[in-house]
Amino acid sequence: MSTIHLVDPAARPIAASLKAFDPERESLDAFRAQSRATYAQISPPMPEAREEHLIAGSPAVRVLVYRPREPGPPSAAIVYLHGGGFITGEAEIADATCVRLAQENNAVVVNVDYRLAPEAPFPGPVEDCYTALTWTLSQATSFGFDPSRVVIMGHSAGGGLAAATALLHRDRGGTPLAGQVLIYPMLDARTGTADAPVDNPTAGEFVWTRSINRFAWRAMRGAAPLPSGREGHYSPSLASDLKSLPPTFLAVGSLDLFMDEDVDYALRLSRAGVPVEMHVYAGGVHGFDLFPGNTTDRFSADLRSALGRFLAKEST
């Protein structure tokens, strides 16, 4: 039975018209081309608003940097990770988001063009994000921001990578981050499989489905054995210890395939002593904040408030 009647009325026509990628009948190249075209309409590239840096590494990591227009130095930094299920997307699709984040928060925004699976499976993408986070922290003096006011943030797969990168940063002894902002994050490799802790029948009909999720996690997993102790860097829901992670803002729609895993992660963070703000938006499908309406307006206000608190953190 369809869940269309549960979708936010403002988003219902759009949700009903969207065609989800079918990995059994469509090629990944076709999906990537379709995604690129969709984002070009939603958020056209804005090359004049950014600068490009190539961070030395094996391999080098490309980032796009956005600065606020306010006179004087930025006060904070946001490391941003785009969505795309680990298998599609590029930094440019988040141009408009990153410009807005820079202006609203007087922050330098570092938008990471991490490698995609299956060409670069785990740990490639998360190591790229970690390299970018470490580089951002090292640039505090040159960019002029307070290194204690750095947030890591992402949508969807980018939210999952943000959570994984925060875990990796903690595990490698990194300095505390001011916050992590996880927007309908992709956290649990078991979702949509027989091993899933929960299979919510009202979640996952629209935009991002169980079959896509299985395909994407297989691509991310690759063929190499998963190193012992790195389960959480691969799939944050599998991390055994969530202590000492940064204060967290987490948002998801009630009809999103990731709803249950996201709520569970928020509860586990809370039990581990991590400050958590969790929002479940009624009638929201995956990517709900791309659709205009009251739900998106409420989410935008909640996000601004959370970022304002995280980035107002004073140096210690």
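What share of the contacts between residues at least 6 apart in sequence join residues at least 24 apart? In this protein the share is 78%. Keep that in mind as you rotate the model, which is a predicted one.

**Stop 1: the whole chain**

Start with everything shown as a cartoon. You should find 10 helices and eight strands. Along the principal axes, the C-alpha trace spans about 55 × 45 × 40 Å. The radius of gyration is 18 Å, which agrees with the value near 20 Å that a compact globule of 316 residues would have.

Now switch on the surface. Its accessible area comes to about 13,400 Å², and carbon and sulfur atoms account for 54% of that. If you colour by burial instead, buried residues make up 54% of the 316 residues.

**Stop 2: M220 and its neighbours**

Select M220, which sits in helix α7, residues 210-221. Is M220 buried or exposed? Its relative accessible area is 1%, so M220 is buried; the cut-off for that label is under 20%.

Next, add P121 to the selection and draw a line between the two C-alpha atoms. M220 and P121 are 99 residues apart in sequence, yet the line is 4.6 Å long. To see the rest of the surroundings, show F86, A117, F122, P125, L161 and Y234 as sticks: together with P121, these are the residues M220 touches once those up to four places away in sequence are set aside.

**Stop 3: H82 in its loop**

Move on to H82, in the loop that runs between β3 (76-81) and α3 (95-105). Because its relative accessibility is 1%, H82 also counts as buried.

Which residues are in contact with H82, leaving aside its neighbours within four places in sequence? Among them are T88, G89, E90, A91 and I93. Select V112, D113, Y114 and L116 as another set of contacts, then finish with H155, A157 and G158.

**Stop 4: the largest pocket**

Time to look at open space. The largest pocket holds about 1,200 Å³. To centre your view on it, select Y39, I42, Y184, G287 and L290, the residues nearest its centre out of the 44 that line it.

For the walls, colour α2 (28-42), α3, β5 (150-155) and α10 (294-311); each of these supplies at least two lining residues. By residue type, the lining of this pocket divides into 21 nonpolar, 18 polar and five charged.

**Stop 5: the second largest pocket**

The second largest pocket has a volume of about 180 Å³. Fifteen residues line this pocket, and T191, P197, V198, D260 and E261 are the closest to its centre. Highlight helix α9, residues 259-271, as well: with three residues, α9 gives the largest share of the lining. Here the residue types divide into five nonpolar, three polar and seven charged.

**Stop 6: the enclosed cavity**

How many cavities of 30 Å³ or more are there? The count comes to one, and about 70 Å³ of space lies in it.

Hide the surface and select the lining in groups. D8, A10 and A11 are part of it. So are G283, G284, V285, F288, F291, P292 and G293. Add T295 and T296 to complete the lining. Coloured by type, the residues around this cavity divide into six nonpolar, five polar and one charged.

Note on methods:
Residues are numbered from 1 along each chain as its sequence is written. This is a predicted model: local features need pLDDT of at least 70, side-chain atom pairs count only at pLDDT 80 or more; totals for chains, interfaces and linings use all residues. Side-chain values use heavy atoms; hydrogens and water are left out. On a 1 Å grid over the protein atoms alone, a cavity is a set of points where a 1.4 Å probe fits but cannot get out, and a pocket is an open set with protein on both sides within 12 Å along at least five of seven lines; lining residues have an atom within 4 Å of a point. Grid points are joined across faces, edges and corners, and a volume is the space filled by probe spheres set on the points. Ala, Val, Leu, Ile, Met, Phe, Trp, Tyr, Cys and Pro count as nonpolar, Asp, Glu, Lys and Arg as charged, and the others, Gly among them, as polar. Helices (H or I, at least four residues) and strands (E, at least two) are DSSP runs, numbered from the N terminus. The radius of gyration is taken over C-alpha atoms; the globule rule is 2.2 Å times the number of residues to the power 0.38. Buried means under 20% relative accessible area, exposed over 50%, partly exposed in between (1.4 Å probe, protein chains only). Contact means heavy atoms within 4.5 Å. Accessible areas come from the Shrake-Rupley method with a 1.4 Å probe; for residues, only the protein chains shown count as cover.
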